[in-house]
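Dear colleague,

Please find the structure below, handed over for your examination. A summary of the findings follows it.

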Amino acid sequence: MNSNLPLLTVIIPFFLAITVVSFVKERFNRAQQLRLIMVIIFIVAIVMACLLGLMLFEILKGNTIHSAFLPQMVTFGLRLQVDGLSIVIALVGFLLWLAVSIYSITYIKTDLIRYYSLLLILLGAIQGTVLAKDLISFYVFIEMTTVATYLLIIHKRSVDALQAGYKYILMTLVGAFLIFLSIILVYVDTGSYEVIVVTKSGGFIAAVLFLLGCFVKAGVVPLHTWLPDAHPAAPSPVSAFLSGMMIKIGAYGIIRFIFPILNFDLPATNFGEILSSLIMSIGVASMLIGVLLALAQTDVKRLLAYHSISQMGYILLGIGLGTKLGLAGGLYHLVNHAMFKGLLFLCMGAVTYSTGTRKLNNLGGLWKRMPITTFTCIIAALAISGIPPFNGFASKTVLAEAVANYNFMLKFVMMVTAALTFASFLKLIGYTFFGEPQKQLITVKEVPLPMLLPMIVLAILCVFLGINAQFVLNRFIVFAMTGLVQPRSILKIEFWTQGTVLEALFIITLGFVAYIVASKLGLIGREKKEFEMGSSMVKLIKYLSVDRIYCNIAVLIDKLCKKLDSIQPRDLNIHLSWVILTLIALFVVLFFVII
Amino acid sequence: MSIHIPILIIISPLLAAFLVLFTRKHKIILATVSIIASIVFTLTLSSQVLSGDKIIYHLGGWRGPIGISLVVDGLSFFFSLITLGLGLLVIIYSIPERRYGRTYYFLLLISLSSMIGVIYTADIFNMYVFYELLSLAVYLLIAYPKTGVTLRASFNYLIMGGVGLSFFLLGVGFLYAMTGTLDIFHIAERLPAAFNSSTRMVLMSIVLIVTGMGIKIAVFPLHGWLPDAHSMAPSPVSALLSGVTVKIGIYCLIRVVYTVFSTEIFLLIGSHNILMVLGVVSLLFGASMALAQKDLKRLLAYSTINQLGIVLIGLGIGTELGLTGALFHVLNHAIMKSTLFFCAGIMIAETGTREVQGLNGFSRQQPVITFAFVIASLGMIGIPPINGFASKWLICLAAVEAGYTFLVVIILTASAIAAAYYFRVIQVLFSGPLKQDPMHAHEGGQVIHGGNLFRSWPIYILAAACLLLGLIPTLGISLVKPAVSLLLFHVVP
Amino acid sequence: MTPINISLLVFMIGLYGVTSKNNLIKKIMGLTIMNGSIVLFFISIGFRETGLAPILEKGTTSGISTTILVDPLPQALMLTAIVIGISVTALALALVVKIYAKYKTLDIQQLSKER
C-alpha cells in the first residue's frame, strides 16, 4: 500500500534538527537549552513512536508500505519501502537513539545545539537507510549517516578525536565510493536501482564491491581499523549509537541486498557460494581477531570497540551461511548486540563520567560507589559472552544451531570466541568495579538519573530478549525475515536443553581458565607495560591490527603528492614549453594516429 | 524594446562600468542595479528560451554572415545566468571592503559585460574580441592589490593567456580561410564540405582552438598560471575567476567543439578522446596537488583543476547523459567553488593567515560560515545530498553506459583524495580548545557587525543553493536540458 | 613560400621568444610578434592576386564582379586585433614597470625565486 508514513518518519527528524538550530539559541544558558531540547526529544519520541507503531500495525497485517517523494525523477527521487526487516531495525535504532539521547542530557556538557541537531539528523538518516527501497536512496542516506557520525565523533574537538574522525571519514568514504561504483554497475546492468542481480559478469563485480563497502561500514577485519580509534574518541553515548546501530547498517546492507543472491544462483556458477564463503570467512576472522585484540586492551572503550568487531563477526557468520536459520541467528544477534553493546558503552560512559578516566589501571572498586552501573554492566557482560539467560545466549544458540548444520569446526570457533570474550570481560569488570579502590576514586558518586534510566531500560531489555527467546524469535525475527526467506515458517529452537547449558558452563570454565593462564603469563593486565613483555604476542597483535598498512598507504600517497608539489615547476618558461609540447602532441595524435 | 533585450543585457553593465568611473558615492548602487537589470532582462527571455526558441538579434540590423548577431539559446542562456548571478553576489560580497575603489567596480563590470558578450555572440571573431576584453579586465583585477605576488601572478597569466588567445585567433583564421565566414552557425554549415577537401586545415584549427581554450580552462599541462592567479587574487575575484571566468573557457570549448565542428566531425576525428584524456590527467593532477597544499586558497585553486577535469570527462563522453552531467557540474562547481572562496575570504580576514593550520577554532567564531564551508566541500567531494553528488553521479553513469568503467574508478579515486584534503581543512576548522562556559565566547567576536552582513549573505544564499540543487537536482537539470538537446540534436525538445 | 607559411613561421618565432626568453620585455615582444604574425595571416587569407581594392564608388557597382576584389573582412578584423594587441602590450608593460619597481629585476628566473 502507499502511504506517507515512511516519508514522515524520515523527514520529521531532519525538520526537528532545523528546529533545534533555529529555536535553541547559543545565548541561552544551559538549563534553558536543555529544557527546549528535552521538549524536542519528547516530541520525537511521541511522534516517531506513533509513526513506527502505525507502520508496524500495518505490516503485521501482512502489507508492505511504499512511499515516494518526487518519484518522477528517475535518478534522484526518494523511494521508501517498509517491510518486516526495515521496521524491526528501525525500531531497534529508534529505541537505542532514545536511550542515547536521554543519556546525553547530562553527559554532554558543551555544544548542546550542535550535538542534538546532529543526533536528530543521524536518526533521520538511519531511518532513511533502513527504509530505503532502492540502492540509490540507501546510498544517499548511508552517506548522510557517515557525515553526521563524523561530526559527532569530533564533538570533543580534541586532537585524538579529530584524528580518529579523519580516519573514520576517509575509510568509510572509500567504502561508500565502492558502494557507489557497484550501484552504477548494477544500474547499467539491469536498468534499475532496485536490486543487485547476478546476470552477467558485471553483476559479480557489483556484488563484491557492494559487499566490500558494507564491510567497511560494518567495521570487520581487515577493514576495521577506523573502529577502535573512533569509539574511544567519540563521546560515550555516540559510541553506544555507533556500535549499536551505525555498524549494523553495513550488516543491514548485506542482508537487504546481498542475502537474496546468496542462494539464488545461476546455473553453472558457484557464485553464491563464493560470496557466502567470503562473508563467512570475514566473519570468522573478525570474531577471532577482534576478541584477541580486545584481550590486550587497557582502555575500556577501546576494549569494547574490539568486541564490536568480534560480535559483528558473529552476525556476518550467520548471514553468510545463507540459510534461514543462519539469517535468523544473525538478525537476532544484530538486535541483541545493539542492546547489550549500547548498554556496555553507556556503562563505561558512566564510569568515565564519574571518574574522568578510561584507563583500566586508574580504575577499581567502583561497585560500592556505583552499584546500579555495576549491576547493569554485569548483565551486559554476561549477555555479550553468551551466558544464559541473557539475550546473547539466545542468539548465540540460534547461531550455533545454524552453524552446526554447516560445519562443526565453526561451532567450536564460536565457543572459543565466547570463552575469550568472557575472559576479557572478567578482566574489564574485575578491574573496573572490583578490587582495591584507588585513592582518587573515593569520592566517586553514582551517575544521575537521566543516565541511569536508559541503562536500566536496556538491561531489562537484555533480560527480556533472553528469557523470552522463543517468543522473540518467532514474533520478531521470523517476521523480519518474511520478505527475504520464502515461505514464512516458524523456527523451532530448543533453547533450554542440556547441551546448551553445558556449553554455557564450558564457556565459563574455559573463560576462567583462559583468564587465569593469560594473566599468569602477563598477557593481559591493567597496564600496557606488563603486556609489552610478551614479545611474540606483541608481534602477533601488531600483525593482526592491519592499521599500519592503511596508515602507510595514506602516508605514501601524501608523500607522493608532496613530491609532486615540490617538483612542480614555478618557472613560467617551463609551463609555456609544456603548452607547446601539448600543441605538438595534439597535432601528432590527430595527424598520424587518428587519420 | 523587447527585441533589443540581448544587447541590453550586455550594454547595461558596460554603461554602468563607465558611469562608475564618474561617481564616488553611488558606485556600488550603480553596479548592483546594472547587474540586477541584466538579470531581469535575461529572465524575461527565460520562458522563450526554455521552451526551445532561439533568440537572434542582429547588431545594427546587419543580417547574416556579414553582420554580427547575438544568439540566446539554451546553452548561452544557461551560462549567462550563472555569470550574472554569481557576478551579483561577487559585487555584494565586495561591498564591505573599503579598499576597493571605483576602478575595481569598473573592472568587475567590464569583465561581467564582456563575459556576457562572449556567451551571446554568434561571431567567432567577436568572441575573441570579447574574450580579450574579459582577460584584460581579469589581469587587472588579479593585480589589483598591487603586491609583488599578485603582479607576478597577473603577468604570468597575461603571458599564458595571451599565447592561448593567439592560438585561438589563429584557429579562427584557419576556419575563416576554409569557410569564408565568421558566423558560428554558417561555419558549422560549411565545415563538412571543407572537411572533405582540406582535412588538415580543420585539424589544425581544432588543435589550436582546443589548446588555446585549454590554457584558459587550465587543464593539466596548460595550468601554469592558475594556482598563483586564483590564490593570490582578492577573495571575491578568486570566486569570480574560479566560479565564472574559467567556465567561459568551457563555454567556448563547448561552442566550438559541439556547434562549430558539429558532433559528427568531432567524433569522426576522435577528438573526444583528447578531451577525456585531458580531463583525466587534470583530475588526478589537481587532486594530488591540492592534497599537498598548505595554503587554503591555493588548495581551492588546485581543486578547481580537479573539478574541471570532471567536467571535461563529461564533455568527452559526449553522450546526452554525459553532457547533462558536465553542464550541471559546471553550474554546481560555480556555486560550490564561489561559496568556498567567499568563506576562505572571511577566514583569511578573521584569522589573518592563509595557512590551513592557522584556521583552528574558526568554527567557534563563525559557526554558520563554517557550516556553509562544510556544505560546499561535501559537495565538492560528491557526498549526497549536496549538489556535487548529483552531477558526479550523472557523469559516472554516462561513463559506465558509454563503456568507460575505468573513468568511474578514476573519478572516485580523485573524490577520495578530495575527501582527504577537504576533511583536513574541516578538521582544522573544528579543532581548537573547548570553551568551558558557553556564554564566554560571545564577547569575542560573535557579533556580526554591519559590514559582515554583506559578506555573509552571499555565502548563505550559495550554500542554500547547494542544498537545494542537491535535494532537488531536477531544478538544475531542467535548466541544462535545452542546452544539451540543442548541442546534440540541433533541435529543441 | 606563400604568405600564409611565412606568417606561421613568424608565429613560431614569436612563440619561441615568449617561451625561451628570460627577460620580461622580450617575452612581451614575443607576444607582439605573435600578434603581428596573426595579422599577416589574416591579411594573406583575404589576399587575391591582382585583386582590386574593395572600394566601390557610386555607379561602378554593377560592373565589377566580387571575385576580383580583395576580401575586405580580414582587414577590418585586423584593425580590431591590432588595437587589442596594443592594449595587451600596454597592460603587460605597465605590469612590468610595477614588477621592476618592486623587485629591481626583469629576469623571470630570478622573479620566480622570490617568494
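In this predicted model, the mean pLDDT of chain C (pLDDT being the predictor's confidence in each residue, from 0 to 100) is 84, and 88% of the residues of chain C reach 70 or more. Among the elements of chain C, α3(C) has the highest mean pLDDT, 91, and α4(C) the lowest, 82. Chain A averages 82, with 91% of its residues scoring at least 70. Over residues 529-533 of chain A the pLDDT stays under 50, and for this stretch the model has nine contacts beyond four places in sequence; contact here means heavy atoms within 4.5 Å.

As to conventions, residues are numbered from 1 along each chain as its sequence is written, and chains are lettered from A and ligands numbered from 1 in the order in which they are written. Local features need pLDDT of at least 70, side-chain atom pairs count only at pLDDT 80 or more, totals for chains, interfaces and linings use all residues, and side-chain values use heavy atoms, with hydrogens and water left out.

Chain C and chain B

In this interface, 37 residues of chain C are in contact with 32 residues of chain B. The buried area (the accessible area, 1.4 Å probe, that two parts lose on being put together, summed over both) is about 2,900 Å², and carbon and sulfur atoms give 85% of that area. Three residues, C:I84, C:L91 and C:L95, supply 18% of the area that chain C buries against chain B, more than any other three residues.

On the side of chain C that touches chain B, the elements giving two or more residues are α1 (3-20), α2 (24-46), α3 (73-103) and α4 (108-113) of chain C. Helices are DSSP runs (H or I, at least four residues), numbered from the N terminus. With 17 residues, α3(C) gives the most to this side. By class, the side of chain C that touches chain B divides into 27 nonpolar, four polar and six charged residues; Ala, Val, Leu, Ile, Met, Phe, Trp, Tyr, Cys and Pro count as nonpolar, Asp, Glu, Lys and Arg as charged, and the others, Gly among them, as polar.

Between chain C and chain B the count of salt bridges (a side-chain nitrogen of Lys or Arg within 4 Å of a carboxyl oxygen of Asp or Glu) is zero.

Chain A and chain B

Here 58 residues of chain A are in contact with 71 residues of chain B. The area buried between these two chains is about 5,900 Å², of which 79% comes from carbon and sulfur atoms. Across this interface, too, zero salt bridges are found. Helices α5 (135-153), α6 (159-190), α21 (547-567) and α22 (572-594) of chain A each supply at least two residues of the side that touches chain B. The largest share, 15 residues, comes from α6(A). This side of chain A has 41 nonpolar, six polar and 11 charged residues.

Within chain A

The domain assignment (bounds from an automatic or database assignment) gives domain 1 (5-545) and domain 2 (548-594) of chain A. The C-alpha centres of these two domains lie 45 Å apart.

Over all chains, a search of the whole structure finds nine salt bridges. In one salt bridge, the side chains of A:D229 and A:K167 meet at 2.6 Å, N to O. A:D229 lies in helix α8 (residues 226-233) of chain A and A:K167 in helix α6 of chain A, so the pair ties together parts that are 62 residues apart in sequence.

Yours sincerely
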